[in-house]
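User: I am in my first year and would like a close look at a single part of this model. Please pick out one contact between side chains and work outwards from there.

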Amino acid sequence: MRSALKNSGCRTKKPRTLRLLWSLLLLLLCASSSALARAKDSAIDGKQTLSLTTVVFSGHRYAVAADFGLGTPVPLMVHGNARMFLALTHDIGEKLNGGPVKQMEAYGYSAKGKGAIHVPTMRLGTQRFSDLHDVPVFDFTPDGVGPV
């Protein structure tokens, strides 16, 4: 019987099958580890998660509740811009400034133009940001109504 198995080639197929299985296992491990690394590189690891609400303003935008120490949180529009990470409307800027914000240039959609103020503190969730200088203030609509 051994000579029949030996002559049939069964003994040589088993090592090939094992080598093939080990190669496939190694290939799968490498592929899954690189996929996990790519997923981790593209994921945003933050300290916390904040609830977003949708506001309709020139399309659908996202806003998060921001606390500027005014008694109630205000909707802060989440928007990417290479030059600004925070901008306020005149309504909020005037409350933080204790009065009108000085116009520096004609900018935005209201006659108040664009100014800048110092923001002592801003809280998003449990994260606190303080001593923010030259925060732009301008309106997104002619009547000044809209998200911060």
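Analyst: Start with Glu94 and Lys112. Their side chains meet in a salt bridge, with N and O 3.0 Å apart. This pair links distant parts of the chain. Glu94 sits in helix H3, while Lys112 sits in the loop between H3 and S4. The two are 18 residues apart. Keep in mind that the model is predicted.

How open are the two partners? Glu94 has a relative accessible area of 24%. Buried would need a value under 20%, so Glu94 counts as partly exposed. Lys112 is partly exposed too, at 40%.

Now stay on the helix. H3 covers residues 90-97. Another salt bridge lies within this helix, between Asp91 and Lys95. Here the N to O distance is 3.8 Å. The cut-off for a salt bridge is 4 Å, so this pair still qualifies. Asp91 and Lys95 are four residues apart, about one turn of the helix. Asp91 is partly exposed, with a relative accessible area of 41%. Lys95 reaches 51%. Exposed means over 50%, so Lys95 counts as exposed.

The helix also holds His90. Is His90 buried or exposed? His90 is buried, because its relative accessible area is 1% and the limit is 20%. What does His90 touch? Leaving out residues up to four places away in sequence, the list is Val101, Ser110, Lys112, Gly113, Val137, Phe138 and Asp139. Notice Lys112 in that list. Lys112 is the salt-bridge partner of Glu94, so this loop residue meets helix H3 at two places: Glu94 and His90. Gly113 is on the list as well. A polar atom of the His90 side chain lies 2.9 Å from the backbone oxygen of Gly113.

Next, follow the chain to S4. This strand spans residues 115-124. S4 runs antiparallel to strand S5, residues 127-137, and eight bridges join them. One example is Val119, whose bridge partner in S5 is Leu132. The two strands form a hairpin with two residues between them. Gly125 takes a positive phi there, near 65°. Val137, at the end of S5, is one of the residues that His90 touches.

S4 also leads to a further salt bridge. Arg123, in S4, pairs with Asp67. Their closest N and O atoms are 3.0 Å apart. This pair again links distant parts of the chain, 56 residues apart. Asp67 belongs to the loop between strand S2 (60-66) and strand S3 (74-78). Arg123 is partly exposed, with a relative accessible area of 28%. The salt-bridge count comes to three.

Asp67 brings us to the sheet. What is the order of its strands? The three strands form an open sheet in the order S1-S2-S3, with antiparallel pairing. S1 (53-56) and S3 are the edge strands, and each pairs on one side only. Neighbouring strands are turned by 50° against each other on average, direction ignored. Between S2 and S3 there are five bridges. One of the bridge pairs is Val64 with Leu76 in S3. As a general rule, strands of a sheet pair through backbone hydrogen bonds.

To sum up, Glu94 of helix H3 reaches the loop before S4 through Lys112. Arg123 then ties S4 to the loop between S2 and S3 through Asp67.

Key: Residues numbered from 1 in each chain as written. Predicted model: local features only at pLDDT ≥ 70, side-chain atom pairs only at ≥ 80, totals over all residues. Heavy atoms only, no water. Buried < 20%, exposed > 50% of the residue type's maximum accessible area, 1.4 Å probe, protein only. Pairing = 2+ DSSP bridges. Axes fitted to C-alpha atoms, helices over the stretch in contact; angles between N-to-C directions. Polar contact = N/O pair within 3.5 Å; in protein donor to acceptor, adjacent residues only side chain to side chain. Contact = heavy atoms within 4.5 Å.
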